[in-house]
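Open the model in your viewer and keep the sequence panel beside it. This tour goes from stop to stop, with a selection to make at each one.

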Amino acid sequence: MRIFHLSAECYPVAKVGGLADVVGALPKYQNLLGMQAAVVMPYYNRKFVQENEFDVVFKAATLLGTRRLYFEILKEKTDKLGFELYLVKIPGLIDREEVYQYPDETDQFIAFQIAFLDWISYSMQSPDIIHCHDHHSGLVPFLLQNSKLYTRLANTPTVLTIHNGQYHGWFGWDKLYYLPEIDVWKGGLLEWGTGINPLAAAVRCCWRYTTVSPSYLNELSVSSNGLELLFQMERWKGIGILNGIDTDVWDPQKDPMIPDKFSIKQITKGKQANKQALCKRFGLSPDKPLISFIGRLVGEKGADLLPVAMEESFNEHPGQFNFLLLGAGEKDVESELIQLRDFYPDQCAVFIGYDEALAHLVYAGSDFLLMPSRVEPCGLNQLYALRYGTMPMVRSTGGLKDTVIDFGDEGGYGIRYNHASVEDICGAVTRALMLYGNTKHLQQLQKLMMALDFSWDRSAKEYIDLYKSLNPTI
Ligand code: ADP
């Protein structure tokens, strides 16, 4: 079965968040199950691209409206990631360093999709499934069915996975002429609100859509940044498949990014050694409980609540715990966090930026990982934390609800609270500190966490079952 995954991100080529982790792992696990899964993504001028060798497998010119674009498809030579990796390169448009936030982002992602379709169309490829991830490839299911250029591929089954339903890739009707010739009366499929909404078009035109956790499937019908009605109408097409984690990359027994490797048997010693390394780096005492946060500093993650919640908790439990934050995002949140650190230098460490290796050390060396998310489609941080014996403190929403059971409930191993609010975060901190005081109980729970299995094996198979249901010839 030949599957093309289309994505803006893929670890380790280019990562901004969980999308990259999923697209960097799922195809690998599908291939282990006998599939022929490949990833197609835009070309980014980054370390992975600079350090690896590529063949140009296709070259052509295409049109973005009236603009002529020359593009190349590059293939990584060795398939070292466990799947074929293809990059779409368009000099001057898709050959930059950053993944998002260029002023011509809309042009970039439309051109990426057109180049992909031109490539498979002109090179006479017939994939069994095209699997789109988020709105960046959301026009593909529409174009396959409604553009005369791609009639040969019109019956190719398409799957859309929604990693984040808050972002839609919206653009105005003035850019309709960017799309290859379409049946004009089908233009309504592109529309939501007053413009073209690629995520809405994808939900309407894909054969099935999936969400990255079962709970998130239901939540989209009540909270999806304006697409609620659409998700209610198209609910029959949706399936929730929980993300897995790449247990090769996230393995405390052989993780090259942490100073002390450990298995479940040496958990106490291993965690303590990593905690010492982490605390030393940030000038914190390793003898106090360490609560950490990793993530984008945006409203979805509840990051704006942290400065006040931590200040209140520091005051409520003076000198009793440390807080460490690794993240970047909204400038006012960053600045409040830096002020918090300056005010509580012995208890609080803040690293503004993106640092993959540091993230591994934080998962390994912390006692607790705080996730007060307002929206969390799946959340991978809590799964990494569990694998490294770090207790997640999560708001009950989306994938957090599906993966973390409160330690007060039967079989539980985490801390859960209902609201993304300062009060609930402070309550969770108090519970964490009480639990930390009961060393034996915490150690039992750490063992339980590390023994949990959130690997891709099960979820990769669920996707394959879905593909088979759409394409019985395979
Ligand atoms: P989202 O995709 O919404 O940002 P996820 O929980 O699905 O959230 O995935 C976040 C991923 O990004 C995890 O692998 C996490 O470790 C990583 N990450 C987020 N922020 C940073 C950062 N500042 N430095 C390093 N890794 C980060």
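**Stop 1: two helices that meet**

Select Leu435, Tyr436 and Gly437 in H14, then Thr439, His441, Leu442 and Leu445 in H15: these two groups are in contact. By class, the contact of H14 with H15 has 4 nonpolar residues, 3 polar ones and no charged ones. Keep in mind that this is a predicted model.

Now show both helices in full. H14 covers residues 422-437 and H15 covers residues 439-451. Their axes come within 5 Å and cross at roughly 105 degrees. That angle makes H14 roughly perpendicular to H15.

**Stop 2: the open sheet**

Next, colour the strands. In which order do the 9 strands of the open sheet run? The order is E3-E4-E5-E2-E1-E6-E7-E10-E11, with mixed pairing. Go to the edges: strand E3 (54-64) and strand E11 (238-240) each pair on one side only. From one strand to the next, the twist averages 25 degrees.

Zoom in on E1 and E6. They run parallel, joined by 4 bridges. Histidine 5 has histidine 131 in E6 as its bridge partner. Then add H3, which packs on the sheet. H3 touches E1, E2, E3, E4, E5 and E6, and its direction makes about 115 degrees with that of E3.

**Stop 3: histidine 131**

Stay in strand E6 and select histidine 131. Is this residue buried or exposed? Histidine 131 counts as buried, because its relative accessibility is 0%. Its side chain makes a polar contact with the side chain of tyrosine 467, at 2.6 Å. Show what else histidine 131 touches: among these residues are Ile3, Phe4, Leu26, Val159, Thr161 and Tyr463.

**Stop 4: a covered helix**

Select helix H4, residues 139-146. H4 lies across E1, E6 and E7, running at about 140 degrees to E6. How many of its 8 residues are buried? The count is 7, and H4 is mostly covered. The buried ones are Leu139, Val140, Pro141, Phe142, Leu143, Leu144 and Asn146. Their cover includes strands E1, E6 and E7, along with helices H3 and H5.

**Stop 5: an enclosed strand**

Finish at strand E12, residues 290-297. Of its 8 residues, 7 are buried, so E12 is largely enclosed by the rest of the structure. Add strand E13, residues 322-329: E12 and E13 run parallel, joined by 8 bridges. For one pair to inspect, pick isoleucine 291, which stands opposite phenylalanine 323 in E13.

Definitions and conventions. Residues are numbered from 1 along each chain as its sequence is written. This is a predicted model: local features need pLDDT of at least 70, side-chain atom pairs count only at pLDDT 80 or more; totals for chains, interfaces and linings use all residues. Side-chain values use heavy atoms; hydrogens and water are left out. Axes are lines fitted to C-alpha atoms, for helices over the stretch in contact, and angles run from 0 to 180 degrees between N-to-C directions. Angles under 35 degrees count as roughly parallel, over 145 as roughly antiparallel, 65 to 115 as roughly perpendicular and the rest as oblique. Contact means heavy atoms within 4.5 Å. Ala, Val, Leu, Ile, Met, Phe, Trp, Tyr, Cys and Pro count as nonpolar, Asp, Glu, Lys and Arg as charged, and the others, Gly among them, as polar. Buried means under 20% relative accessible area, exposed over 50%, partly exposed in between (1.4 Å probe, protein chains only). A polar contact is a pair of N or O atoms within 3.5 Å; within protein, one must be able to donate a hydrogen and the other to accept it, and residues adjacent in sequence count only if both atoms are side-chain atoms. Two strands pair if DSSP finds at least two bridges between them. Lists of a residue's contacts leave out its neighbours within four places in sequence.
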